[in-house]
Structure formats: C-alpha cells, structure tokens
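Hi everyone, thanks for coming. I have one structure to walk you through today, so let me put it up on the screen and then we can go through it together.

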Amino acid sequence: SFVIIEEYGYSGDTLNNAEFVAAGKDCDVLIHEATHQSSLADQSAAKKHTTVSQAVEVGRQMGASYTILTHFSLRYQKLPPIVGEIFPENVALAHDFMYVTEWNIKTWCGATSFLPSLFPEQYKDLMKQSGVKESL
C-alpha cells in the first residue's frame, strides 16, 4: 500500500510558532528541525531551535500525517537524539541521502525503533553522552 503525498510543511530553525502550525494544518508530511534531545530544551530555545519532543508536538498540532525530523546538532554525529525520546508511529528521522516516497514513508517511520539494535556501540555512546546509565 502507499500514501498519497500532496502537501508538505517545512520548518527552518524555529521555535514553536502558531502561524507555522496554522499554515501547515493537515499537511501530509511535515519536515521539521529537531536540533536537540528533549532534555536540552533551555539550551535549544536559547539557540532558537526545537527539541525532538517539541517538533513531534508541532506535527501533532498540525495534524500532519507524517513528521520527518531533521537538522540534528553536531553533538549527535553517530546517531540522532533518540535516547529517552518517544517516537509516535508516524515520525521518522531524516539522514543524508534519504529518499522518501509514498511507498516507503511508513517503513522509514518504523525504522527508528531498530536503531539501538542496528548500532549498539553508537547507541551506548549516545546514552553516555546523554547522561543515561546503561541498564543491565
């Protein structure tokens, strides 16, 4: 099965903005920057960026069918900020050379949950960087 994609919303560097939410209302795909992990909200706001959870919330407020998060901070060079985050089933994480179509967008959204298994050492490093203790 595939998804019909007709309307896009695209954010640059931004804080939550009611006008942007209204302009993108009910878009098929929202592409939104998510520069920092959610625990760094103050730091992110100071730099006029959003966190993962804030970007996901913008997608929810818009009623976007799918949200693709992008523009991650350079501090996340090995993996995007996934530690401690909750990703709804309609959210994907962008990466270089990502090719999204109406045929594969659902697959991209489902791929996020596999990242720790696919990249265990990088995930362990990200946990350490995020201040999360490894569970036994």
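**A walk through the fold**

Following the sequence from start to end, you get the pattern β-α-β-α-α-β-β-α-α-α. Counted up, that is six helices and four strands. One thing to say right away: this is a predicted model, so please keep that in mind as I talk.

Let's begin with the overall shape. The radius of gyration is 15 Å, and the globule rule gives 14 Å for 136 residues, so the chain is as compact as a globular protein of that length. If you prefer a box, the C-alpha trace spans about 45 × 40 × 25 Å along its principal axes. As for the inside, 40% of the 136 residues count as buried. The chain exposes about 8,300 Å², with carbon and sulfur atoms supplying 55% of that area. And for those of you who think in contact maps: take the contacts between residues at least 6 apart in sequence, and 59% of them join residues at least 24 apart.

Now to the sheet. In what order do the strands lie? The order is β1-β2-β3-β4, in an open sheet of four strands with parallel pairing. At the edges sit β1, residues 8-10, and β4, residues 91-93, each of which pairs on one side only. From one strand to the next, the twist averages 20 degrees. Packed on this sheet is helix α3, residues 52-62, which touches β2, β3 and β4. The direction of α3 makes about 155 degrees with that of β2.

Let me take the strand pairs one at a time. Between β1 and β2, the latter being residues 29-33, there are three bridges, and the two strands run parallel. Here Tyr8 has Val29 as its bridge partner, and Tyr10 stands opposite Ile31. Next, β2 and β3 pair in the parallel sense over five bridges; in this pair Leu30 stands opposite Thr67. Finally, β3 and β4 pair over three bridges, again in the parallel sense, with Leu69 opposite Leu93.

A quick reminder that helps when you look at any strand: in a regular strand, side chains alternate between the two faces of the sheet.

So what about burial? In β2, four of the five residues are buried, so that strand is largely enclosed by the rest of the structure. The count for β3 is also four of five buried, so β3 too is largely enclosed.

On to the cysteines. How many disulfides does the structure hold? The number is zero. Why is there no bond between Cys27 and Cys109? The sulfur of Cys27 has its closest cysteine sulfur in Cys109, and that is 13 Å away, too far for a bond. The cut-off for a disulfide is 2.5 Å between the sulfur atoms. Both side chains are tucked away, by the way: Cys27 is buried at a relative accessible area of 1%, and Cys109 counts as buried at 6%.

Let me finish in the loops, where a few residues caught my eye. Asp26 has a positive phi of about 60 degrees, although it is not a glycine. You will find Asp26 in the loop between α1, residues 18-23, and β2. Is Asp26 buried or exposed? Asp26 is exposed, since its relative accessible area is 52%, and the threshold for exposed is over 50%.

Phe97 also has a positive phi without being a glycine, near 65 degrees. Phe97 is in the loop between β4 and α4, which covers residues 105-111. With a relative accessible area of 84%, Phe97 is exposed.

My last residue is Ile86, in the loop between β3 and β4. At 74% relative accessibility, Ile86 counts as exposed. Along the chain Ile86 and Val52 are 34 residues apart, and their C-alpha atoms are separated by 8.8 Å.

To recap, we have a predicted model with an open, parallel sheet of four strands, helix α3 packed on it, and zero disulfides. Thanks for listening, and I'm happy to go back to any part of it.

Technical notes. Residues are numbered from 1 along each chain as its sequence is written. This is a predicted model: local features need pLDDT of at least 70, side-chain atom pairs count only at pLDDT 80 or more; totals for chains, interfaces and linings use all residues. Side-chain values use heavy atoms; hydrogens and water are left out. Two strands pair if DSSP finds at least two bridges between them. Axes are lines fitted to C-alpha atoms, for helices over the stretch in contact, and angles run from 0 to 180 degrees between N-to-C directions. Contact means heavy atoms within 4.5 Å. The radius of gyration is taken over C-alpha atoms; the globule rule is 2.2 Å times the number of residues to the power 0.38. Buried means under 20% relative accessible area, exposed over 50%, partly exposed in between (1.4 Å probe, protein chains only). Accessible areas come from the Shrake-Rupley method with a 1.4 Å probe; for residues, only the protein chains shown count as cover.
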